[in-house]
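Me: I would like a close look at a single part of this model, namely its nonpolar core and the contacts that surround it. Please give one connected account.

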Amino acid sequence: MNHKLLVLLLLLAAPVKAGLIFDGVDDFIDIADITLGGQFTVSCWINLHDVTGQRSIVGDNAGGTDRKINSTGAGKFGIRVLTAGSFDQNINIPSFLTWHHFALVRQSDDKVDLYVNGIANRLFSDVAQTGDFVVAIIG
């Protein structure tokens, strides 16, 4: 089995005045591209403190139809696994100014689940999302 695990600890609002704070617009860490094909998991802790506009969590670029995980500005998570593919934004962010565990998991059948605090949510109306998910920025 070629199962890749990418674990990112994202400190979007530091509770003890330590860590990293990203505004989701132009504050980010540019990393070497990490290409995730087949089964994968992207996991992080987030604490959203500003809910205006789209706020990037991870992605391959900072633009329009790219692969990304973000907050939509409407109290929802936005996920796009494939460049110019479907953009699922049906999952509510449970609350703001609170830490939440978030895991995006693509199964062996290419179906995608978003786990928020351990609760699974099937994405993309149960339609398989094949192809690579690339992470190039955090924040």
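Reply: In this predicted model, isoleucine 79 offers a suitable point of entry. Leaving aside neighbours within four places in sequence, isoleucine 79 is in contact with Lys68, Ile69, Ser86, Phe87, Asp88, Leu104, Leu114, Leu123 and Phe124. Three of these partners, Ile69, Leu104 and Leu114, join Ile79 and Phe77 as the residues that touch the most other members of the largest nonpolar core, a set of 23 residues. Two or more residues of this core come from each of strand 3 (40-46), strand 4 (55-59), strand 6 (76-80), strand 8 (100-106), strand 9 (112-116) and strand 11 (133-138). Strand 3 gives the largest share, with four residues. In general terms, nonpolar side chains tend to be buried together in soluble globular proteins.

The setting of this core is a chain with eleven strands and zero helices. Of its 139 residues, 45% count as buried. Among contacts with a separation of 6 or more, 56% are made by residues 24 or more positions apart. The chain exposes about 6800 Å², of which carbon and sulfur atoms supply 54%.

Aromatic rings add further detail, as the structure holds two aromatic pairs. In one of them, phenylalanine 40 and phenylalanine 133 have ring centres 5.5 Å apart and planes at 15°; the pair is therefore stacked, the limit for this class being under 30 degrees. Phenylalanine 40 belongs to strand 3 and phenylalanine 133 to strand 11, and the pair links distant parts of the chain, 93 residues apart. Phenylalanine 40 has a relative accessible area of 0% and is buried; phenylalanine 133, at 0% relative accessibility, also counts as buried. The other pair, phenylalanine 77 with phenylalanine 102, is tilted, with 4.9 Å from centre to centre and 50° between the planes. Because phenylalanine 77 lies in strand 6 and phenylalanine 102 in strand 8, this pair ties together parts that are 25 residues apart in sequence. Both phenylalanine 77 and phenylalanine 102 are buried.

Phenylalanine 77 also leads to a polar residue, asparagine 70, in strand 5 (residues 68-71). Not counting residues up to four places away in sequence, asparagine 70 touches Gln54, Arg55, Ser56, Ile57, Lys76, Phe77, Gly78 and Phe87. Its relative accessibility is 2%, so asparagine 70 counts as buried, the cut-off being under 20%. The C-alpha atoms of asparagine 70 and glutamine 89 are 9.3 Å apart in space, while the two residues are 19 apart in sequence.

Charged side chains complete the account, with a count of six salt bridges. Lysine 68, a contact of isoleucine 79, meets aspartate 66 in a salt bridge at 3.6 Å, N to O, and both aspartate 66 and lysine 68 are buried. Another salt bridge joins aspartate 60 to arginine 67, with the closest N and O atoms 2.8 Å apart; aspartate 60 and arginine 67 are both buried. Aspartate 113 and arginine 122 form a further salt bridge, in which the closest N and O atoms are 2.7 Å apart. In this case aspartate 113, at 6% relative accessibility, counts as buried, whereas arginine 122, at 38%, counts as partly exposed. Salt bridges with shared partners join Lys111, Asp113, Arg122 and Asp126 into one network.

Technical notes: Residues numbered from 1 in each chain as written. Predicted model: local features only at pLDDT ≥ 70, side-chain atom pairs only at ≥ 80, totals over all residues. Heavy atoms only, no water. Core = buried A, V, L, I, M, F, W, Y, C linked by side-chain atoms within 4.5 Å. Buried < 20%, exposed > 50% of the residue type's maximum accessible area, 1.4 Å probe, protein only. Contact = heavy atoms within 4.5 Å. Areas by Shrake-Rupley, 256 points an atom, 1.4 Å probe, with all protein chains shown as cover. Phe/Tyr/Trp six-rings, centres within 6.5 Å; stacked < 30°, edge-to-face > 60°. Salt bridge = Lys/Arg side-chain N within 4 Å of Asp/Glu carboxyl O.
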